[in-house]
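Student: I have the model open and want to test its labels against their cut-offs. Can we go through them one by one?

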Amino acid sequence: MKNWYTIRARGTGAEVLIYDEIGAYGVSAKGFLAELGALPDGVPIDLRLNSPGGSVFDAVAIYNALQRHDGTITAWIDGVAASAASYVAMAGDEIVMPENAFLMIHDPSGLVMGTATDMREMADTMDKIAGGMIRGYATRSGRTEEEIAALMAAETWFDAEAALEAGLATRMIEPVRIAASFDIARFRNAPPALAEAIADPASESDQDVNEAAGDVTGDEIRDEALAIQGEPEPEPGTQPSPDPVVTGIDPTAIRRDVIAHARAVIDLCRLAGQPQRAGRFLEEDASLDAVRSSLLAARAEAEAQISPHHPQPGPTPTARPWGDVIARTFKLKG
């Protein structure tokens, strides 16, 4: 099963990676906490984050567990630590951000289906969660709870320099290439530079592509492109495809476009929670529109993901059709 975290031994310490949406793929924090608790007392932890957030309940549990750990924790924000992921970062004894990384704090949100009482209880729960997060950010930053509450209400994004100034990071390092498999557009105030960098599936620079293509021939590049697109190789004895050099086709551009398409398909499947379907789409050389349509259709057919604590939507087995109810009502009144 695909997971959103990894915990592994590294030399004299341990490395904890949260590189996806917390609580995604039906995997709760329960397994995370069990693996974290199995680490030896006092072992130093490198906590590496590149996450849009996720389940705030799981994030609070992870933060509390990390706070209880005896060893030193260094939080590395490798790209984005947004929403609940930024709260997890606050558990670090040191919080390190590359110059071009981002951290975001905002009010927690949640969904509920049920009675007015259910909804009031959910609102109260959100207030309690927000209060705890405010205290965590305030303790780390040294700012007042009122200041933090205002920043959270406004959905505030910090680059490394701003996070250092706000007290939400302790050290800034050299910039890194940002890569993510999540949709940053879900946030209303996402920095344009960050949204553009993550939305672009062809994140490799032209220089990187040229360097990657520099040691191979035009035929090898074309063969690789055909393999990625799922097109069959020419049959023995058939006329080979025209030489890219002769026809004026830029093999580097072809390769870049094919890689960009493959990455876009993979990202769409990840966002839809169906990464296993990417390979089939690539084999079929499906267009992005076809991929989106197929994923949306699959989601529409899927069972609604609603908390088991509340009734499932839709009519019960004993419910009568609305047409019968309305007809009977008018008949009684007549």
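Student: What angle and what axis distance describe the packing of helix α1 and α2?
Tutor: Helix α1 (residues 29–37) packs against α2 at about 10 degrees, and the axes are 10 Å apart. Axes are lines fitted to C-alpha atoms, for helices over the stretch in contact, and angles run from 0 to 180 degrees between N-to-C directions.

Student: What makes α1 roughly parallel to α2?
Tutor: The angle of about 10 degrees. Under 35 degrees counts as roughly parallel, over 145 as roughly antiparallel, 65 to 115 as roughly perpendicular, and the rest as oblique. So α1 is roughly parallel to α2.

Student: Which residues make the contact?
Tutor: A29, F32, L33 and L36 of α1 meet D58, A61, I62, A65 and L66 of α2. Contact means heavy atoms within 4.5 Å. By class, there are 8 nonpolar residues, no polar ones and 1 charged. Nonpolar covers Ala, Val, Leu, Ile, Met, Phe, Trp, Tyr, Cys and Pro; charged covers Asp, Glu, Lys and Arg; the others, Gly among them, are polar.

Student: What should I keep in mind about the input?
Tutor: This is a predicted model: local features need pLDDT of at least 70 and side-chain atom pairs pLDDT 80 or more, while totals for chains, interfaces and linings use all residues. Residues are numbered from 1 along each chain as its sequence is written, and side-chain values use heavy atoms, with hydrogens and water left out.

Student: How many helices and strands does the chain have?
Tutor: It has 14 helices and 8 strands. Both are DSSP runs numbered from the N terminus: helices are H or I with at least four residues, strands are E with at least two.

Student: Why are α2 and α4 called oblique to each other?
Tutor: They pack at about 40 degrees, with axes 11 Å apart. That angle falls in none of the named ranges, and α2 and α4 are therefore oblique. V56, F57, V60 and Y63 of α2 meet T125, M126, I129, M133 and G136 of α4. That contact has 7 nonpolar, 2 polar and no charged residues.

Student: Is the crossing of α2 past α4 left-handed or right-handed?
Tutor: Left-handed. The near helix is then turned anticlockwise from the far one by less than a right angle; clockwise makes a crossing right-handed. α4 passes α5 in a right-handed crossing.

Student: Which residues join α4 and α5?
Tutor: On α4, A130, M133, I134, R135, Y137, A138 and S141; on α5, E145, I148, A149 and M152. They divide into 8 nonpolar, 1 polar and 2 charged. The axes come within 9 Å and cross at roughly 115 degrees.

Student: How do you know that the span of α4 agrees with its number of residues?
Tutor: The expected span is 1.5 Å times one less than the number of residues. For the 26 residues of α4 (116–141) that gives 38 Å; its end C-alpha atoms are 37 Å apart, which agrees. Just after α4, G142 takes a positive phi of about 80 degrees.

Student: What covers the buried residues of α4?
Tutor: The cover includes α2 (56–68), α3 (84–89), β6 (102–105), α5 (145–153) and α6 (160–166). Among the buried residues are D118, M122 and Y137.

Student: Why does I95 count as buried?
Tutor: Its relative accessibility is 0%. Buried means under 20% relative accessible area, exposed over 50%, partly exposed in between (1.4 Å probe, protein chains only). So I95 is buried. I95 lies in strand β5 (residues 94–98). Its C-alpha atom is 4.8 Å from that of A169, 74 residues apart along the chain.

Student: What makes E155 buried?
Tutor: E155 has 4% relative accessibility, so it counts as buried. E155 is in the loop between α5 and β7 (156–159). The C-alpha atoms of E155 and H106, 49 residues apart along the chain, are 4.4 Å apart.

Student: What is notable about the phi of S83?
Tutor: It is positive, about 55 degrees, although S83 is not a glycine. Most residues other than glycine have a negative phi. S83 lies in the loop between β4 (73–81) and α3. At 12% relative accessible area, S83 is buried.

Student: Why is D285 called partly exposed?
Tutor: Its 41% relative accessibility puts D285 in the partly exposed class. D285 is in the loop between α12 (278–283) and α13 (288–301), and also has a positive phi of about 55 degrees without being a glycine.
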